[in-house]
Amino acid sequence: SEMVHFDGKSSLLYTFNHKSINPIKEVISLKFKTRENNGILLHREGPNDKHITLELVKGKLILSLNSGQASSPSPDALMLGSLLDDEHWHSVLIELLSTDVNFTVDTHTHHFQAKGDSNYVDLDYKISFGGIPGHGKSVAFPHKNFHGCFENLYYNGVDIIDLSKKHKPQVLIM
């Protein structure tokens with residue numbers, strides 16, 4: 001399988017063709033291992049502070065969803081796993097279907113209905129892995145980038161690591 005290492009300063013920025021996205025459902029899957037107990041695994045944002053962020057916090061994964069609506073200003077936060085900084089491989093699957101969210105870490109799945117009537121498929125056509133690149137308009141997160149390894153990183157069936165190793169223009173290595 002394909003593997004990529006993040007040093008706590010690096011990230012991958014994947015820009016996808018909006019015509020290739022399924023407007024109904026998004027699926028993100030990856031495996032990771034790390035010794036660090038904090039770090040951002042992925043981040044995607046849109047208008048009005050709308051974003052999806054997957055972050056390791058004190059050895060637990062937190063999936064943060066902010067709908068960008070004034071009616072629900074605080075993000076939804078799903079927490080799964082513990083002691084995930086054990087240098088073993090852990091699998092993650094995120095499925096977004098309108099406001100329905102399935103969040104799976106290893107063998108544990110959390111089914112969730114996001115706040116508001118907004119879905120998350122109208123976000124920017126960019127998703128960053130391993131951290132948040134400093135591209136100017138990003139939500140200010142005081143959190144650090146991921147330090148560890150990813151393997152089998154897929155966004156809607158696209159092998160992101162393979163694209164980065166082939167230096168395809170859709171993936172910016174930072």
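Which residue in S11 does histidine 43 stand opposite? The residue is serine 128, and the pairing to which it belongs is described below within the wider architecture. The structure is a predicted model, in which local features need pLDDT of at least 70 and side-chain atom pairs count only at pLDDT 80 or more, while totals for chains, interfaces and linings use all residues. Residues are numbered from 1 along each chain as its sequence is written, and side-chain values use heavy atoms, with hydrogens and water left out.

The protein contains one helix and 14 strands, where helices (H or I, at least four residues) and strands (E, at least two) are DSSP runs numbered from the N terminus. Of its 174 residues, 46% count as buried, a term that denotes under 20% relative accessible area, with exposed meaning over 50% and partly exposed in between (1.4 Å probe, protein chains only). The accessible surface, computed by the Shrake-Rupley method with a 1.4 Å probe, comes to about 8,600 Å², of which 53% belongs to carbon and sulfur atoms. Among contacts (heavy atoms within 4.5 Å) between residues at least 6 apart in sequence, 66% join residues at least 24 apart.

Seven strands form an open sheet in the order S7-S6-S5-S4-S11-S2-S14, with antiparallel pairing, two strands being paired if DSSP finds at least two bridges between them. The edge strands, each of which pairs on one side only, are S7 (76–80) and S14 (171–173). Within this sheet, strand S4 (residues 39–45) and strand S5 (residues 51–57) are joined in the antiparallel sense over six bridges, and isoleucine 40 stands opposite glutamate 55 in S5. S4 and S5 form a hairpin with five residues between them, and asparagine 48 in the turn has a positive phi of about 55°. S4 is also joined to S11 by two bridges, the two strands running antiparallel; here histidine 43 faces serine 128. Seven of the seven residues of S4 are buried, so this strand is largely enclosed by the rest of the structure.

The largest nonpolar core, defined as a set of buried Ala, Val, Leu, Ile, Met, Phe, Trp, Tyr and Cys residues joined through side-chain atoms within 4.5 Å, has 37 residues, and those with the most contacts inside it are Phe32, Leu61, Phe103, Phe129 and Phe150. Leaving aside neighbours within four places in sequence, phenylalanine 129 is in contact with residues including Tyr14, Leu41, Leu42 and Phe150.

Rings of Phe, Tyr and Trp (its six-membered ring) are taken to pair if their centres lie within 6.5 Å, planes under 30 degrees apart counting as stacked, over 60 as edge-to-face and the rest as tilted; by this rule the count comes to eight aromatic pairs. Tyrosine 14 and phenylalanine 16 form a tilted pair, 5.7 Å centre to centre with 40° between the planes, and both residues are buried. Phenylalanine 32 and phenylalanine 146 form an edge-to-face pair, 6.1 Å centre to centre with 85° between the planes. This pair links distant parts of the chain, 114 residues apart, with phenylalanine 32 in strand S3 (residues 25–33) and phenylalanine 146 in the loop between S11 (126–129) and S12 (147–155). Phenylalanine 32 and phenylalanine 146 are both buried, and ring pairs link them with Phe6 and Phe150 into a cluster.
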